[in-house]
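Visitor: I would like a close look at a single part of this model, the salt bridges and what lies around them. Please take me through it in one connected account.

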Amino acid sequence: MAHLCENCKFRANYDRKPSSLMGRFWRWHINFCPGWKAYFTSLNEEQKNELREKYKFTKYQS
């Protein structure tokens with residue numbers, strides 16, 4: 001199943017400029033977004049760890 005989070009425009013904004021308003025909004029948003037949770041939990045552990053490090057994301061730890 002393809003997840004929209006993979007190509008999310010808001011996520012791309014964060015990747016380009018994390019301190020922008022949209023970047024900060026996206027980062028806040030992933031803390032409770034059901035789509036992000038489905039996407040994130042579908043990944044293998046290596047991919048999850050890469051995203052945890054990249055986005056300083058600590059939810060859904062094994």
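Visitor: To begin with one residue, does D15 count as buried, exposed or partly exposed, and at what relative accessibility?

Guide: In this predicted model, D15 counts as partly exposed, because its relative accessibility is 40%, and the cut-offs for that class are 20% and 50%. D15 forms a salt bridge with K54, and the closest N and O atoms of the two are 3.8 Å apart, which falls within the 4 Å that the rule allows. K54 is also assigned to the partly exposed class, with a relative accessible area of 46%. Since D15 lies in helix α1 (residues 9–16) and K54 in helix α4, the pair ties together parts that are 39 residues apart in sequence.

By this rule the structure has 3 salt bridges, and we can turn from the pair of D15 and K54 to the network that links E45, K48 and R52. Within that network, the side chains of K48 and E45 meet with an N to O distance of 3.4 Å, while those of R52 and E45 meet at 3.9 Å, again N to O. K48 and E45 both lie in helix α4 and are 3 residues apart, about one turn of the helix. As for accessibility, E45 counts as partly exposed because its value is 37%, whereas K48 is buried, with a relative accessible area of 10%. R52 likewise counts as buried, at 10% relative accessibility. As a general point, side chains of opposite charge can pair when their charged atoms come close.

Helix α4 also leads us to the nonpolar interior. The largest nonpolar core has 12 residues, among them C5, Y14, W26, I30, C33, L51, Y55 and F57. The elements that give two or more residues to this core are α3 (34–42) and α4, and the largest share, 3 residues, comes from α3. One of the core residues, I30, touches W36 and F57 when residues up to four places away in sequence are not counted. In soluble globular proteins, nonpolar side chains tend to be buried together.

The core also includes the cysteines C5 and C33, yet the structure holds 0 disulfides. C5 is in no disulfide, and the nearest cysteine sulfur, that of C33, is 5.4 Å away; this separation is too far for a bond, because a disulfide calls for sulfur atoms within 2.5 Å. Both residues are nonetheless buried, C5 with a relative accessible area of 16% and C33 with one of 13%.

Following the chain past α4 (45–55), we reach K56 in the segment after that helix, and this residue has a positive phi of about 50 degrees although it is not a glycine. K56 is exposed, with a relative accessible area of 63%. Y60 lies in the segment after α4 as well, and its phi, near 60 degrees, is a positive value in a residue other than glycine. Y60 counts as partly exposed, at 23% relative accessibility. For context, most residues other than glycine have a negative phi.

Finally, on the surface, F25, W28 and F32 make a nonpolar patch of about 340 Å². Of these, F25 lies in helix α2 (residues 21–29) and counts as partly exposed, with a relative accessibility of 37%.

How values were computed:
Residues numbered from 1 in each chain as written. Predicted model: local features only at pLDDT ≥ 70, side-chain atom pairs only at ≥ 80, totals over all residues. Heavy atoms only, no water. Patch = residues over 30% accessible without salt bridge, like charges linked within 9 Å, V, L, I, M, F, W, Y side chains within 5 Å. Areas by Shrake-Rupley, 256 points an atom, 1.4 Å probe, with all protein chains shown as cover. Helix = DSSP H or I, 4+ residues; strand = E, 2+ residues; numbered from the N terminus. Buried < 20%, exposed > 50% of the residue type's maximum accessible area, 1.4 Å probe, protein only. Core = buried A, V, L, I, M, F, W, Y, C linked by side-chain atoms within 4.5 Å. Contact = heavy atoms within 4.5 Å.
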